[in-house]
Structures are given as C-alpha cells and as structure tokens.
Amino acid sequence: MNLQNLENNWIKEFSNPLIIAGPCSAESESQMLETAKRIKESNADVPIFRAGIWKPRTKPNGFEGVGVIGLNWLKKVKEEYGFKTATEVANAHHVAAALEADVDILWIGARSTVNPFTVQEIAEALKGTDKPVLVKNPVNPDLALWIGALERLLGQNVKNLGVLHRGFSTYQKTKYRNIPNWQIALDFKNQFPNIPMLVDPSHICGNRTGLAGIAQEALNVGYEGMMIETHCTPDEAWSDAAQQITPETLADLMQNLQVRNSDISAFDGEMGRHRTLISDLDFQLIDLLSQRMKISEKIGNLKKDNNIAIFQPERWKVITEYATQKADESGMSAEFIEKVFKAIHEESIEVQNSI
Ligand code: PEP
Ligand code: MN
C-alpha cells in the first residue's frame, strides 16, 4: 500500500464540497453550542464542526487552548446538533485524549507538519485508526515534508487521509497571512489526485475579505472541500479574531460558491490545475521580461552617454542565433521563437529610443 493507491473513500460519505466549520478555538461551552446552533439554523450544509482544543501560539503567555475540558463541549455539539467533530492534535497525549473522546476527524497543524519527530509521534499514537486524518501543509513551502508526513501516517496503517492547504509563511508583507503558493498544492494534487485536498481560506487570508475568492479558486481547481473558521461572535474571539466569520456569513459565502457539475469535475479539476500553473508561468514570464527591459534601459543609457547607435546588427544576429538554437534544443519551433524575440527586441529598441 502506498499513497498513490489509497482509496480514501471516507470523503464520499460527505456532500461535495465537504465543509468543515467552527471556531479557531473552543473557548466555553456556550460559545461552542451557540456557534453550532447558528450553523445548524443557517441551513448551510456543514457536516463537520471544528474547534481547536490545544492551540499552538507564536508567543508564550497567550491563550493556549482550553485543553481536555473542550473535548466535552465537542461531544455536546455532536449530541445536540448531529455534527461530526474535528480537532487538531500535536502530540501523543492529544491523540489519546481525542480518541478517548471519540472526536471523528483529526488534523495535524502546519506547525507540527514541519517537525518529523512530532509527526512520527502523532502517527504512532494514531496507529491503525480508521478516523480520517488531515495533514496541513508545513509552514515552509516544502512539498517533500508534506508528503513525508502522510507517509509516516500510512506507515502506521492510518489509511483515511486528506490534506489541508493553509498557505505558507513569508517574511514579506503581502495581502495574505500565509501566501497560497498554489503551485505547491497543485503539484501535490497532480501527484496524488486520489488524496482529498481541502483548502483553509481562513489561515491563508488572515482576514474576512479574501475568504470567498480563495474558496472559489480552490473549487475551480478541483479541491474537495474547505475548512473555514466560524464563530458566534468573531470580533470577540480569543484567537484569530480578524479572520473568523459568523455562521450567517458562512452560509452566504457557501451559497455564492460555484460548484461545478460533478460529472465533468474530474476533467475540470485537471484543466483548472493546468491553468493555474500556466498563469503562474505567465506571471514569471512577465516578471522576466520586465527585468530584461530594465537591463536594456541601462544599456540604452550607456549608448546614449557614449554616442553609440541603438541598433547593433551583430548583437541582433547573436540573439537570433542563440534563441533559435535554444528553441531547437527545447523542441519548439525556431520560427515561433524568432517571432517572440523580434517583438522583444523591437520593444527594447523603443525603450532605448525613448531615453
Ligand atoms: C488552526 O486551524 O486553528 C491552526 C492553528 O491552523 P494552522 O495549523 O494552519 O496554523
Ligand atoms: Mn486559527
């Protein structure tokens, strides 16, 4: 048995897309029950209720989760509202307590996936469980590490697996809390199309405004579902307040999602993944062209300062030669590449002329 041939029928028990919703953290029994009640009353198709019981926080002395008492609240949510339940486990003690409390679905958080010792400990504690286990991407953009975590679980005979794409840390300021880096998730999906992939727009966005866009983008490329942090009073949440939404907003968001015809969704998903990769490459092409133009501008300045003619036929000859040779080596039509480079060269001359 390897990751390629896992059946992962667990997800077929749920509606498509599979929605997991609930607060970032369990805070009190009333917060949990109120959130669950309002999700139920919103009529949104949410089969699984999430809540963090143990919270990995960046700095010490903050709220680190309510601990095992929260497991009783998850049980109540299940009994009173019929949700299946899900929580994050980050060590063998968490696993033992969550299994004891019969939590239905467990996930490994992004800060745990990075650490092979932690993942191994969790996998061994989960040995042989039939419960679905979802693995969030590691905080760093390392596909092998993500796959390695799944291999560790499979090594302990945990076969109902899924992954959660929650974005990646970067030091740069961006509009995201964790940049999506779709390419890594899509490389995963292309390699393991049989392993369900869910998106976590909440931790990608870090705010409420981008959620719907990320959720839709994930559906467009064939993700099987999403986990969205939902809280009865988001502004008062003890963790991740800025990104949580009310059950009513969740219902609205879900109503506006475009779910594709399931008959052709396998094909659509593949198409979408290829298109996202193509867009990524196009962005890189544009970036490279812009870098090329900036260098060309410097050359333009040199030519101007030294009174040298802008058009240098020998240089153009060299470019055509290496471009057509490279085209040939890469299995592309030399004619096509020559056309592209003509356009680039013309633009370059325009730029130098305008100096
Ligand atoms: C969470 O789901 O609340 C959480 C801690 O997420 P992550 O592991 O993605 O940081
Ligand atoms: Mn959170």
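## Around helix H9

The buried residues of H9 pack against a mixed set of neighbours: helices H7 (182-191), H8 (201-205) and H10 (247-256), plus strands S7 (197-199) and S8 (225-229). H9 itself covers residues 211-220, and its buried members are Leu211, Ile214, Ala215, Gln216, Ala218 and Leu219. A handy reminder here: an α-helix has 3.6 residues a turn, so residues three or four places apart point the same way. After H9 comes Gly222, with a positive phi near 90 degrees.

Keep in mind as you look around that this is a predicted model.

## The whole chain

Stepping back, the protein chain has 355 residues, and 47% of them are buried. There are 13 helices and eight strands to find your way through. The C-alpha trace spans about 80 × 45 × 40 Å along its principal axes.

Take the contacts with a sequence separation of 6 or more: 74% of them are between residues 24 or more positions apart. As for the outside, the chain exposes about 18000 Å², with carbon and sulfur atoms supplying 52% of that area.

## The barrel

How do the strands fit together? Eight of them form a closed barrel in the order S1-S2-S3-S4-S5-S6-S7-S8, and the pairing is parallel. From one strand to the next, the twist averages 25 degrees. In general, strands of a sheet pair through backbone hydrogen bonds, either parallel or antiparallel.

For a look at one pairing, try S2 (residues 48-50) and S3 (residues 84-88), which run parallel and share three bridges. Phe49 has Thr85 in S3 as its bridge partner.

## Two buried side chains, one exposed patch

Thr118 sits in helix H5 (residues 116-126). With a relative accessibility of 19%, Thr118 counts as buried, because the cut-off is under 20%. Leaving out residues up to four places away in sequence, Thr118 touches Ala90 and Ser112. Ala92 is 26 residues from Thr118 in sequence, and their C-alpha atoms are 8.7 Å apart.

His345 belongs to helix H13 (residues 334-353) and is also buried, at 15% relative accessible area. Setting aside neighbours within four places in sequence, His345 makes contact with Phe311, Trp316 and Ile319.

For a view of the surface, go to helix H11 (residues 265-305), where you'll find Phe283. Phe283 is exposed, with a relative accessible area of 57%. Together with Leu285 and Ile286, Phe283 makes a nonpolar surface patch of about 350 Å².

## Backbone oddities

Most residues other than glycine have a negative phi, and most peptide bonds are trans. A few spots here go the other way. Asn8, in the segment before S1, has a positive phi near 50 degrees. Asn8 is buried, at 4% relative accessibility. Asn43 has a positive phi too, near 65 degrees, and lies in the loop between helix H1 (29-41) and S2. Is Asn43 buried or exposed? At 68% relative accessibility, Asn43 counts as exposed.

Then there's the peptide bond from Asn16 to Pro17, which is cis, with omega near 0 degrees. Pro17 is in the segment before strand S1 (18-22).

How values were computed: Residues are numbered from 1 along each chain as its sequence is written. Chains are lettered from A and ligands numbered from 1 in the order in which they are written. This is a predicted model: local features need pLDDT of at least 70, side-chain atom pairs count only at pLDDT 80 or more; totals for chains, interfaces and linings use all residues. Side-chain values use heavy atoms; hydrogens and water are left out. Patches are made of residues with over 30% relative accessible area and no salt bridge: like charges are joined within 9 Å, nonpolar side chains (Val, Leu, Ile, Met, Phe, Trp, Tyr) within 5 Å. Accessible areas come from the Shrake-Rupley method with a 1.4 Å probe; for residues, only the protein chains shown count as cover. A salt bridge is a side-chain nitrogen of Lys or Arg within 4 Å of a carboxyl oxygen of Asp or Glu. Helices (H or I, at least four residues) and strands (E, at least two) are DSSP runs, numbered from the N terminus. Buried means under 20% relative accessible area, exposed over 50%, partly exposed in between (1.4 Å probe, protein chains only). Two strands pair if DSSP finds at least two bridges between them. Axes are lines fitted to C-alpha atoms, for helices over the stretch in contact, and angles run from 0 to 180 degrees between N-to-C directions. Contact means heavy atoms within 4.5 Å.
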